[in-house]
Amino acid sequence: MGPVDPEILQHLRQPIADFLSLTVRILPPKPLPAQVYHVARDQHHSTQLLEYLLAVDDYQDFSRILGITAVDLYIPIFTFVFGEAQLDGKAAIISTFRPRQGPAGTSAPHSIFMTRLIKLSLHELGHTFGLPHCRQDGCLMGFDSNLEKLDQKNPKYCEYCRIMLDDYYTRNGFDQPLQRVKV
Ligand SMILES: [Zn+2]
Ligand SMILES: [Zn+2]
């Protein structure tokens with residue numbers, strides 16, 4: 001959504017496919033809607049962007065849609081958000097804006113940047129598969145309020161979330177068994 005380096009999408013495709021046992025397809029870019037930009041904050045409203053994503057296309061051929069954007073996202077009660085998802089719904093979005101940041105105004109090394117994006121993608125997609133936030137130490141479904149917390153998380157769901165995800169897949173006809181791939 002908006003300009004995003006295509007290489008990022010290519011890098012994310014396989015880990016998401018492997019981790020969630022899903023076929024992942026990269027779709028053509030969509031423009032960012034001007035109305036979700038908040039001038040005073042110089043940020044884009046996350047919930048409105050998520051709603052826009054679903055409004056522009058019904059994505060009939062897809063079970064889930066993950067919107068990726070380079071702009072900074074917010075919801076009014078937070079300074080920023082890394083992303084947002086519909087709980088047990090179709091759509092999620094993530095932003096590459098914060099994950100790109102390193103300490104003191106530098107850029108994060110590429111491998112750290114990509115690991116962050118994989119974690120965020122799996123976190124937000126986890127919400128779409130019905131997973132709420134989790135308090136287990138290091139679980140992917142833990143709530144991240146900053147990059148430090150994001151970096152401390154394991155790139156995997158805890159056993160409890162994994163069982164809930166397996167159960168969700170079974171109940172909703174995702175018949176491929178979930179793999180246990182590390183990213
Ligand atoms: Zn979350
Ligand atoms: Zn968990």
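A crossing of two helices is called right-handed if the near helix is turned clockwise from the far one by less than a right angle, and left-handed if anticlockwise. Keep that in mind for the first stop; and note as you go that this is a predicted model.

**Stop one: two helices**

Select α1 (6-20) and α3 (110-128), and show them as cartoons. Their axes come within 10 Å and cross at roughly 50°. An angle like that makes α1 oblique to α3. Now turn the view until one helix sits in front of the other: α1 passes α3 in a right-handed crossing.

Next, bring up side chains where the two helices touch. On the α1 side, pick Glu7, Ile8, His11, Leu12, Pro15, Ile16, Phe19 and Leu20. Across from them, in α3, you want His110, Phe113, Met114, Leu117, Ile118, Ser121, Leu122 and Leu125. Colour this contact by class and you'll get 12 nonpolar, 3 polar and 1 charged residues.

**Stop two: the largest pocket**

Keep α1 on screen and switch to a surface. The largest pocket has a volume of about 740 Å³. To centre on it, select Arg25, Ile26, Leu27, Ile65 and Leu66, which are the closest to the pocket's centre among the 29 residues that line it. Which elements give two or more residues to this lining? They are α1 and β3 (65-69). The most comes from α1, with 5 residues. So what does the wall look like by class? Colour the lining again and it divides into 20 nonpolar, 4 polar and 5 charged residues.

**Stop three: the second largest pocket**

Now move over to the second largest pocket, which holds about 310 Å³ of space. Here 17 residues form the lining, and Val81, Phe82, Gly83, Phe143 and Asp144 are the closest to the centre, so pick those five to find your way in. Turn the cartoon back on and look for β5 (83-85) and α3, each of which supplies at least two lining residues. How many residues does α3 give? It gives 4, the most to this lining. The classes here come out as 8 nonpolar, 6 polar and 3 charged.

**Before you close the viewer**

Try one last selection with both helices and both pockets showing. You'll have α1, which gives the most to the lining of the largest pocket, and α3, which gives the most to that of the second largest, with the two helices crossing at roughly 50°.

Definitions and conventions:
Residues are numbered from 1 along each chain as its sequence is written. Chains are lettered from A and ligands numbered from 1 in the order in which they are written. This is a predicted model: local features need pLDDT of at least 70, side-chain atom pairs count only at pLDDT 80 or more; totals for chains, interfaces and linings use all residues. Side-chain values use heavy atoms; hydrogens and water are left out. On a 1 Å grid over the protein atoms alone, a cavity is a set of points where a 1.4 Å probe fits but cannot get out, and a pocket is an open set with protein on both sides within 12 Å along at least five of seven lines; lining residues have an atom within 4 Å of a point. Grid points are joined across faces, edges and corners, and a volume is the space filled by probe spheres set on the points. Ala, Val, Leu, Ile, Met, Phe, Trp, Tyr, Cys and Pro count as nonpolar, Asp, Glu, Lys and Arg as charged, and the others, Gly among them, as polar. Axes are lines fitted to C-alpha atoms, for helices over the stretch in contact, and angles run from 0 to 180 degrees between N-to-C directions. Angles under 35 degrees count as roughly parallel, over 145 as roughly antiparallel, 65 to 115 as roughly perpendicular and the rest as oblique. Contact means heavy atoms within 4.5 Å.
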